[in-house]
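Subject: Handover of the two-chain model

Dear colleague,

I am passing the structure on to you with this email, and below it you will find my notes on what came out of it. Please read them with the sequence and the coordinates open beside you.

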Amino acid sequence: MRNGAAIVLVMLGLVLGGSSPVAAEIEGIRLEVDGLSCPFCALGLDKRLKERAGLEQIQIHLKQGETEASLPTGEGLDIGRLRLAIQEAGFTLRSIRLSVTGTVVRDGGYLAVASRGDGTRFLLFDAEHQEAGSGPVLSERLQRQLEQAERTAGLLRISGTVHEHAGLPPAIMMEAVEELSE
Amino acid sequence: MRWKGSASALAAVFMVPASAFAMAINSDVGLTPFKGQWIYRSQLRYTKKADDPTPRDRKLEVFAMPQTLVYGFTEKASVILTIPFLSKELDATTDGIRASRGDAGLGDLLLLSKYRVYARDYPQATSRFSIVAGTDLPTGQSGDADARGKLPRDLQLGSGSADPLVGSAYTWQSLDDEWDASLTYTFNTTANKFEFGDVLTYTVAYQRRIWPVRLPARGLYAQWNLVLEANGQWEQKAKDHARRIDNTGGHLLFLSPGIQVATKHVVAEASIQLPVLQHLNGNQVELDFTLVGSIRVTF
């Protein structure tokens, strides 16, 4: 009887403790911040990104003017708060690069990725077609790939630079698309 | 930097609005702390004046310890409170007798507000312009006496008056170097029928990173800078009972080399101010030098 209980406990431990952690839905956040020009200035950026934008594991690289950070698993990224955090630190946000893991959905007729965690949506642009029109534009190949992913609700990891357009959700100018197995 | 008192130029208030940025050592700058940021700055300044053209052979020493606290209300607006602790000692010959007199304690508080009116950020560089306004408050004793009677104005710890100040500051900063320029004007007012002359200060400062020679590809680092500043001060003659005092006021210009190390949380710096121009009115003791050590901590 005692042995049986021990086995149950061990198995329960394997199920709970041995499960692999869920990967972050928005990860690899890289911010290009203008105006960052001395080590003593960096503390403000670090603090505001943590307190205002909810980022963690912040690493500031002065030489590149770049900041790497991550979001807690399941947390969404609020671009407005991120921009405000950097402004309150006394700097200017130039660009955001990140990777989103999620599924392809339609948003206002545009293809978008909805992050697996909180469903944050990013419209999808194709970097090679960015100047072809005013709205989100995709090459035929990417359009087909994304529509296929939309139909199958397949999981993708999309990496690129975040853009904002008035009246629209934030968009990603895609640099890499990776199909993930569930 | 600000000197209060004409002949003395030693009741040095040395109110330097600290900044979040690695500013020059003896100058105001146009950069402000981030929203919610506190900066504490502690300075130690030693000034020696010994070149007296009169038979009194006056020798003055001043230790000043301005303690400055800065808070950023927004990324543009900040307040700066400076509490100076002063110790002054004057050796002089009077009627053939050499004697020493002095005083020590709290000087006049300085309360400043600072507003960044212009900022332009570039990759790894920034350019900013701020305006400053405030006043000092007569918290230092202005009527102290010793066994020989009331101390002379130069040895008093405070002016006895509240004196408004306005100014501006500009900064250009990159990872390699930094330029700062600032200008302040203090409207000294009357207390006990005595009025120190108005004071105009100006500073141009340049600093250059000397270490690391090549920046690390990633992360933050401790940065060493060489600093060279020109700190000037022009002061009107003081007035006693509305009459101008001849041996007061003038124009001083210092060249101030220094060194600074800046990390993410701390800036430590040292400088020596050497007078290169002393056009002092009348017979005043000329300044030999000022040594400056300072540490800034942000949290």
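Since pLDDT is the predictor's confidence in each residue, on a scale from 0 to 100, and two residues are taken to be in contact if their C-beta atoms, placed from the backbone, lie within 7 Å, the following can be read directly. This is a predicted model, and in residues 6-22 of chain A the pLDDT stays under 50, a stretch for which the model has 1 contact beyond four places in sequence. Chain A as a whole averages a pLDDT of 83, with 81% of its residues scoring at least 70.

Chain A, overall

Chain A holds 4 helices and 8 strands, and their order from the N terminus is α-β-α-β-β-α-β-β-β-α-β-β. Of its 182 residues, 38% count as buried, and among the contacts between residues at least 6 apart in sequence, 60% join residues that are at least 24 apart.

The chain is divided into domain 1, covering 26-97, and domain 2, covering 101-180, and the centres of these two domains of chain A, taken over C-alpha atoms, are separated by 23 Å. Where they touch, domain 1 contributes 11 residues and domain 2 contributes 10 residues. On the domain 1 side, strand E1 (26-34) and strand E4 (92-107) of chain A each supply at least two residues, with E4(A) giving the most, namely 3 residues; that side divides into 4 nonpolar, 5 polar and 2 charged residues.

Chain A, strands and helix H4

In chain A, strand E8 (residues 171-180) has two pairings that you may wish to look at together. Strand E6 (residues 121-126) runs parallel to E8(A) and is joined to it by 4 bridges, whereas strand E7 (residues 155-163) runs antiparallel to E8(A) and is joined to it by 9 bridges. A:Met173 in E8(A) appears in both pairings, standing opposite A:Phe125 and being the bridge partner of A:Thr161.

Helix H4 of chain A (residues 140-152) allows a simple check of its geometry: at 1.5 Å a residue, its 13 residues should span 18 Å, and its end C-alpha atoms are indeed 18 Å apart, so the two values agree. Just after H4(A), A:Ala153 takes a positive phi of about 55°. Within the helix lies A:Arg141, which counts as exposed because it has 10 C-beta neighbours inside 10 Å. A:Arg141 and A:Asp126 are 15 residues apart in sequence and 10 Å apart in space, C-alpha to C-alpha.

Where chain A meets chain B

The contact between the chains involves 24 residues of chain A and 32 residues of chain B. On the chain A side, helix H2 (42-51), strand E2 (56-61) and helix H3 (79-88) each supply at least two residues, and H2(A) gives the most, with 4 residues. The residues on that side of chain A divide into 11 nonpolar, 9 polar and 4 charged.

Chain B

Strand E17 (residues 250-262) of chain B has side chains that alternate, with one face buried, including B:Leu252 and B:Phe254, and the other not, including B:Leu253 and B:Leu255. E17(B) pairs in the antiparallel sense with strand E14 (residues 223-235) of chain B over 13 bridges, B:Gln233 having B:Leu252 as its bridge partner. Strand E18 (residues 266-280) of chain B also runs antiparallel to E17(B), joined to it by 11 bridges, and here B:Phe254 stands opposite B:Pro275; a hairpin of 3 residues connects E17(B) to E18(B).

Some backbone details of chain B deserve a look of their own. Most residues other than glycine have a negative phi, and most peptide bonds are trans. The peptide bond from B:Trp211 to B:Pro212, however, is cis, with omega near 0°, and B:Pro212 is found in the loop between strand E13 (199-211) and E14 of chain B. B:Gln124 has a positive phi, near 60°, and lies in the loop between strand E5 (109-122) and strand E6 (125-137) of chain B; B:Gln124 is buried, since 21 other C-beta atoms lie within 10 Å. B:Lys193 likewise has a positive phi, of about 65°, in the loop between strand E11 (190-191) and strand E12 (194-195) of chain B, but B:Lys193 counts as exposed, with 10 C-beta neighbours inside 10 Å.

With best regards

Note on methods: Residues are numbered from 1 along each chain as its sequence is written. Chains are lettered from A and ligands numbered from 1 in the order in which they are written. This is a predicted model: local features need pLDDT of at least 70, side-chain atom pairs count only at pLDDT 80 or more; totals for chains, interfaces and linings use all residues. Two strands pair if DSSP finds at least two bridges between them. Ala, Val, Leu, Ile, Met, Phe, Trp, Tyr, Cys and Pro count as nonpolar, Asp, Glu, Lys and Arg as charged, and the others, Gly among them, as polar. The expected span of a helix is 1.5 Å times one less than its number of residues. Domain bounds come from an automatic or database domain assignment. A residue is buried if 20 or more other C-beta atoms lie within 10 Å of its own, exposed if 12 or fewer, and partly exposed in between; C-beta atoms are placed from the backbone.
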